[in-house]
Amino acid sequence: MALTPRLDLRQSQQLVMTPQLQQAIKLLQLNNLELADYVAQEVERNPLLEVGEPGDGGVPGDDGGEHGGTANDEYLREGGDGGGDGSDGIVAADRGLDSATDTSSSADSALDTDYETNLYNSDAAPDRVSTETSSGSLSYDGGGAIKGSGGGFDDRGLDQTLEGEENLHDFLLRQMAVAVQNPADRLIATHMIDLVDEAGYLNAADLGEIAERLGCEDVDVDRVLTVMQTLEPSGVFARSLGECLAIQLQELDRFDPAMEALIDNLELLAKRDMVALKRICGVDQDDIADMVKEIRALNPKPGLAYGGTSVQPVVPDIFVQKNRAGSWIVELNTDTLPKVLVNQQYLTELSDVGGSKEAKTFVSDCVSSANWLVKALDQRARTILKVSTALVKTQSHFFEHGVRFLKPLTLKDIADEINMHESTVSRVTNNKFMSCPRGMFELKYFFTSSISSGDGGDAHSSESVKFRLKELIDAESPKKILSDDKLVVMMQAEGIDIARRTVAKYREALRIPSSVQRRRLKNMGS
């Protein structure tokens, strides 16, 4: 055969991860805080975008644009569109969403990126741009109806918005100005305050390092430390837990030799070894019980009572509640959904004014990027709602009766039910929280492994088994502590086929001590 150059035409199909598809996938796994930061960066980068006030407008992404399917759908979806035959509630939810946004595609375009705008930035920009998104409320009422409503407003009182609580550092500086008069000692004291952590402990086990760093004598540092340990809150500037408790006991005039011996052997107290502690301290059972009670009344982290880094509460992405008809309502928290607006007036001015080819290309790219961001945010909201609705339907017995009725569930189960790819469900449930009458739960909480039933019935969820294990241990008598082997027998009698090592693993995960430690603890408490 002769080797000669030639041209051949071949036709093939392949999946292409366009920049827009990568952006949509990225938005899926962001929580509400990360999403707000991402939108803020996009608004700063794109002059046509603005962030609107919550509570204005209607359903997120109500642009009425045509959605065309692309090969990118297969990356996020398994087999067909999401509007296929499934459970009535899920299908009704999808149809309600489609009618609310006036789209003309299949019933499930939720985050499978079947957009006509799935183009590179160099492609032509769409003719239409949505002007707002993520402003209203999307909800599923359990009976197939989807509701849309406007967002709320900030009705917090003035006392709930005040800031500026005095932190531990400022509190110690204010006391030091009175307790320490010598300028050289004040320099040492100020340096020590800078070394105190939030719990009130001095992060310097060796005082010689402080003396060497400041160019002073060790005795000067030790003298200043003695003064600083008398400041409030009691126990600050300690270098260990034992020293922190000793400082507080000295101020209460309860640091006698027996108590000092107990503080020196806190590891035995942690093991509940009362026999060894009584021998070391030279006291009887009643005395050791009183000493332990006094230690429990102390504060091991005194600095936390004086401010520190403010902890941000978890804000739910989904609300689940019952309506008057007794069905569950699944609703998005619109306060966590950023509202993105397109400045139409500025866009019109730019369109009317002629310019260079580079300027027109820049405006076209901004329009395309804005349109895609609006639709990506819309799809993100709809996909979260769809996955949450499927979770509530599957775990309905949990919402009705509690943790003991939690079913074993995998990502694939939900993915098959709503006709999406398993990786899409994983991204949606990452760092998303649901608020329901039973508390606040991360969406990942509802996906648990299964434990087979001993009587051949339905499998049990690992979370429900943990809950039952905790119930049995909490109800045990101090005179009859349940061993791991006994717990296995009791749970197998209830139809839970579980091994002893699994019981030990679950007990350690729940931070429940062993039977020996529980016996010491309960005997000490009694």
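Buried means under 20% relative accessible area. Keep that cut-off in mind, because Arg382 comes out at 6% and so counts as buried. This is a predicted model.

Let me start with that arginine. Arg382 meets Asp378 in a salt bridge, 2.6 Å from N to O. Where do the two residues sit? Both belong to helix α15, residues 357-394, four residues apart, so about one helical turn separates them. The partner, Asp378, is also at 6% relative accessibility, and so it too counts as buried.

Now the wider set of charged pairs. Side chains of opposite charge can pair when their charged atoms come close. The structure holds 16 salt bridges. I will take two further examples.

First example: Glu42 with Arg45. The closest N and O atoms are 2.6 Å apart. These two residues are three places apart in helix α2, residues 32-45, so the spacing is again about one helical turn. Is Glu42 buried or exposed? Glu42 has 9% relative accessibility, so Glu42 is buried. Arg45 is at 53%, so Arg45 is exposed. This bridge therefore joins a buried acid to an exposed base.

Second example: Asp185 with Arg223. Here the closest N and O atoms are 2.9 Å apart. Which elements does the pair connect? Asp185 lies in helix α6, residues 183-194, and Arg223 in helix α8, residues 218-228, so the salt bridge ties together parts that are 38 residues apart in sequence. Asp185 is buried, at 14% relative accessibility. Arg223 is partly exposed, at 40%. There is a third member here as well: Asp185, Asp220 and Arg223 are linked in a network of salt bridges.

On to cysteines. How many disulfides does a search of the whole structure find? The search finds zero. Two cysteines can still be placed by accessibility. Cys281 is buried, at 10% relative accessibility. Cys366 is buried as well, at 7%.

Next, the aromatics. A pair of rings is described by the distance of the centres and the angle of the planes. The count comes to nine aromatic pairs. One of them is Phe398 with Phe399. The centres are 5.2 Å apart, the planes stand at 75°, and the pair is edge-to-face. Phe398 is buried, with a relative accessible area of 0%. Phe399 is buried at 4%.

Another pair is Tyr445 with Phe446. This pair is edge-to-face too, with 5.7 Å between centres and 80° between planes. Tyr445 is partly exposed, at 22% relative accessible area. Phe446 sits at 0%, which counts as buried. Both pairs belong to a wider group: Trp328, Phe398, Phe399, Phe441, Tyr445 and Phe446 form one aromatic cluster.

That brings me to the nonpolar cores. The largest has 32 residues. Which members touch the most other members? They are Val320, Leu391, Phe399, Ile414, Val425, Met434 and Phe446. Phe399 and Phe446 are names you have just heard from the aromatic cluster.

Several elements each supply at least two residues of this core. Among the strands are β4 (318-322), β5 (328-332) and β7 (433-436). Among the helices are α15, α16 (396-401), α17 (411-418) and α18 (422-428). The largest share, seven residues, comes from α15. Helix α15 is also where Arg382 and Asp378 sit.

Take Val425 as a close-up of this core. Setting aside residues up to four places away in sequence, Val425 touches Val387, Leu411, Ile414, Ala415, Ile418 and Phe447. Apart from this core lies another, of 22 residues. Its members include Met176, Leu195, Ala211 and Met228.

One last residue: Ser464. Ser464 is found in helix α19, residues 462-474. Is Ser464 buried or exposed? The relative accessible area is 6%, so Ser464 is buried. What does Ser464 contact, leaving aside neighbours within four places in sequence? The contacts are Val403, Arg404 and Leu406.

To recap. There are 16 salt bridges, zero disulfides and nine aromatic pairs. The largest nonpolar core has 32 residues, and α15 gives seven of them.

How values were computed
Residues numbered from 1 in each chain as written. Predicted model: local features only at pLDDT ≥ 70, side-chain atom pairs only at ≥ 80, totals over all residues. Heavy atoms only, no water. Disulfide = S-S within 2.5 Å. Buried < 20%, exposed > 50% of the residue type's maximum accessible area, 1.4 Å probe, protein only. Salt bridge = Lys/Arg side-chain N within 4 Å of Asp/Glu carboxyl O. Phe/Tyr/Trp six-rings, centres within 6.5 Å; stacked < 30°, edge-to-face > 60°. Core = buried A, V, L, I, M, F, W, Y, C linked by side-chain atoms within 4.5 Å. Contact = heavy atoms within 4.5 Å.
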